[in-house]
Each structure stands twice: as C-alpha cells, then as structure tokens.
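Hi,

Here is the structure I promised to pass on. Have a look at it first, and my notes follow underneath.

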Amino acid sequence: MKLAILDRDGVINQDSDAFVKSPDEWIALPGSVEAIARLSRAGWRVVIASNQSGIARGLFSMDTLNAIHTKLRREVIHAGGMVDAIFICPHGPDDGCACRKPKPGMFLDIARRYDMPDLSGVPAVGDSLRDLQAAAMAGCNPWLVLTGNGQKTQNTGELPAGTRVADNLAAVVNTWLSEE
Ligand SMILES: [Mg+2]
Ligand SMILES: [Zn+2]
C-alpha cells in the first residue's frame with residue numbers, strides 16, 4: 001500500500017498565528033488540493049495528522065473542526081481525489097498527551113489503523129520541526145516543505161537526518177510520482 005502522511009496547516013492550507021478557527025479561515029495553498037487529488041488518483045492513500053490545540057484552548061469546537069475538514073475533503077473531491085483519514089491531536093502543549101507532535105502517537109495510530117507493522121518507507125510531509133521529528137521517530141521518511149513555517153524550520157539547521165526539502169506540496173507530489 002502506498003501511504004502518505006501530511007501535516008495540515010502550512011502544508012495544505014495557509015497557516016495562521018491566530019489559528020484556523022472556521023471553515024472560512026481555511027484557505028488552501030496554491031496547488032495543494034490538486035496535488036492531493038493527483039496522489040490519490042495514482043492509488044495513494046492520503047492521511048492527515050494535525051495538531052489542533054485550538055480545541056484545548058477553547059478557540060473552536062470539535063463540530064467546527066469537523067466543518068473545516070468537510071470543506072477540505074470537499075475541495076479534494078472536487079479536484080478528483082480523496083483524503084482517506086484525518087487524525088488530530090486536540091490537546092494543548094501542557095496536557096502531556098502522546099499524540100501532540102513532536103510525539104509520534106498519531107503516526108503510531110495511523111500504522112495501527114492501516115495494519116502496518118511499521119511506517120518505514122512511508123513519507124510524511126510537514127512545515128514545522130515537530131512534524132519532522134514525529135515522522136522520524138515513527139520511522140517515516142520526513143519531507144519539509146517551505147510553505148507555512150517551512151523557511152524558518154529550514155533555517156534552524158536541526159532537520160532530522162535524511163529529511164528531504166521541497167518548495168511546496170505540489171513539488172513533493174511531483175517527486176513521489178516521478179520516483180514510482
Ligand atoms: Mg504545520
Ligand atoms: Zn494529543
């Protein structure tokens with residue numbers, strides 16, 4: 001099975017320091033929805049793993065988050081593809097959960113859901129260091145995009161070993177499909 005794990009904010013849609021709190025505030029980055037659709041049409045399962053501490057912070061409800069994800073899924077379907085699953089961590093930084101990235105909990109849940117003994121060879125795309133750290137810890141191949149926090153993340157010089165870098169999600173997907 002070809003599986004790809006994507007961060008959401010800053011990879012698929014514009015990130016916001018004020019959090020994405022409503023469907024109207026969820027705005028796709030250029031080419032990202034089409035890239036997901038191309039991947040899914042090529043037989044990949046696309047799964048999103050996203051920290052959403054806005055829930056713990058009381059900035060939006062689970063209902064609103066579901067409405068945001070309905071918009072995301074609709075746009076991908078409109079582009080001719082689909083998102084297989086969306087995993088979220090609703091906790092805050094001080095909750096001590098196992099799922100908030102850089103912890104690998106969501107990735108391990110994904111492996112369990114897809115009945116995979118491990119995630120070796122599975123690529124995971126993020127724009128923040130914690131995405132790459134969680135991916136690496138779970139055995140995925142980390143990919144950094146330079147959208148969202150990506151530039152800042154690249155400048156830290158702390159990328160996990162083997163991290164590959166691309167301009168944006170569309171460029172990542174082009175690379176994957178050309179390497180198949
Ligand atoms: Mg992000
Ligand atoms: Zn969590």
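Let's start with the whole chain: buried residues make up 49% of its 180 residues. Please keep in mind that this is a predicted model.

The secondary structure comes to six helices and six strands, and along the sequence they follow the pattern β-α-β-α-β-α-β-α-β-α-β-α. The radius of gyration is 15 Å, close to the 16 Å that the globule rule gives for 180 residues, so the chain is as compact as a globular protein of that length. If you'd like a box to picture, the C-alpha atoms fill one of roughly 45 × 35 × 35 Å along the principal axes. Of the contacts with a separation of 6 or more, 64% are between residues 24 or more positions apart.

On the outside, the accessible surface comes to about 8300 Å², and carbon and sulfur atoms account for 49% of that. As for charge, there are 18 positive and 21 negative ones, and their mean positions are 3 Å apart.

Now for the inside. Strand S3 (residues 85-89) has four of its five residues buried, so it is largely enclosed by the rest of the structure. S3 pairs with strand S2 (residues 45-51) in the parallel sense, over five bridges. If you want a spot to find that pairing on screen, look for Val47, which stands opposite Ala85 in S3.

Just past that strand, Ser53 is worth a click. Ser53 is placed in the loop between S2 and helix H2 (62-78). Is Ser53 buried or exposed? Its relative accessibility is 5%, and the cut-off for buried is under 20%, so Ser53 counts as buried. Leaving aside residues up to four places away in sequence, Ser53 touches Phe19, Cys89, Pro90, His91, Gly92 and Arg100.

Two helices also caught my eye:

- Helix H1 (residues 32-41) has seven of its ten residues buried, so it is largely enclosed by the rest of the structure. The buried ones are Ser32, Val33, Ala35, Ile36, Ala37, Leu39 and Ser40. Their cover includes strand S1 (3-6), S2, H2 and helix H6 (169-179). After H1 comes Gly43, with a positive phi near 95°.
- In helix H4 (residues 129-137), the buried residues include Leu129, Asp131, Leu132, Ala134 and Ala135. Covering the buried residues of H4 are, among others, helix H3 (105-113), strand S4 (123-126), strand S5 (141-145) and helix H5 (150-156). H4 is followed by Gly139, where phi is again positive, near 90°.

Finally, some backbone details to check in the loops. Which peptide bond is cis, with omega near 20°? That would be the bond from Lys101 to Pro102, and Pro102 sits in the loop between S3 and H3.

There are also positive phi values in residues other than glycine. Phe19, one of the residues that Ser53 touches, has phi near 75°. Phe19 is found in the loop between S1 and H1 and is partly exposed, with a relative accessible area of 26%. Asp115 has phi near 60° and lies in the loop between H3 and S4. With a relative accessible area of 71%, Asp115 is exposed.

Shout if anything looks odd on your side.

Cheers

Notes
Residues numbered from 1 in each chain as written. Chains lettered and ligands numbered in written order. Predicted model: local features only at pLDDT ≥ 70, side-chain atom pairs only at ≥ 80, totals over all residues. Heavy atoms only, no water. Helix = DSSP H or I, 4+ residues; strand = E, 2+ residues; numbered from the N terminus. Rg over C-alpha atoms; globule rule 2.2 N^0.38 Å. Buried < 20%, exposed > 50% of the residue type's maximum accessible area, 1.4 Å probe, protein only. Contact = heavy atoms within 4.5 Å. Areas by Shrake-Rupley, 256 points an atom, 1.4 Å probe, with all protein chains shown as cover. Lys, Arg positive; Asp, Glu negative; His and termini not counted. Charge placed at Lys NZ, Arg CZ, Asp CG, Glu CD. Pairing = 2+ DSSP bridges.
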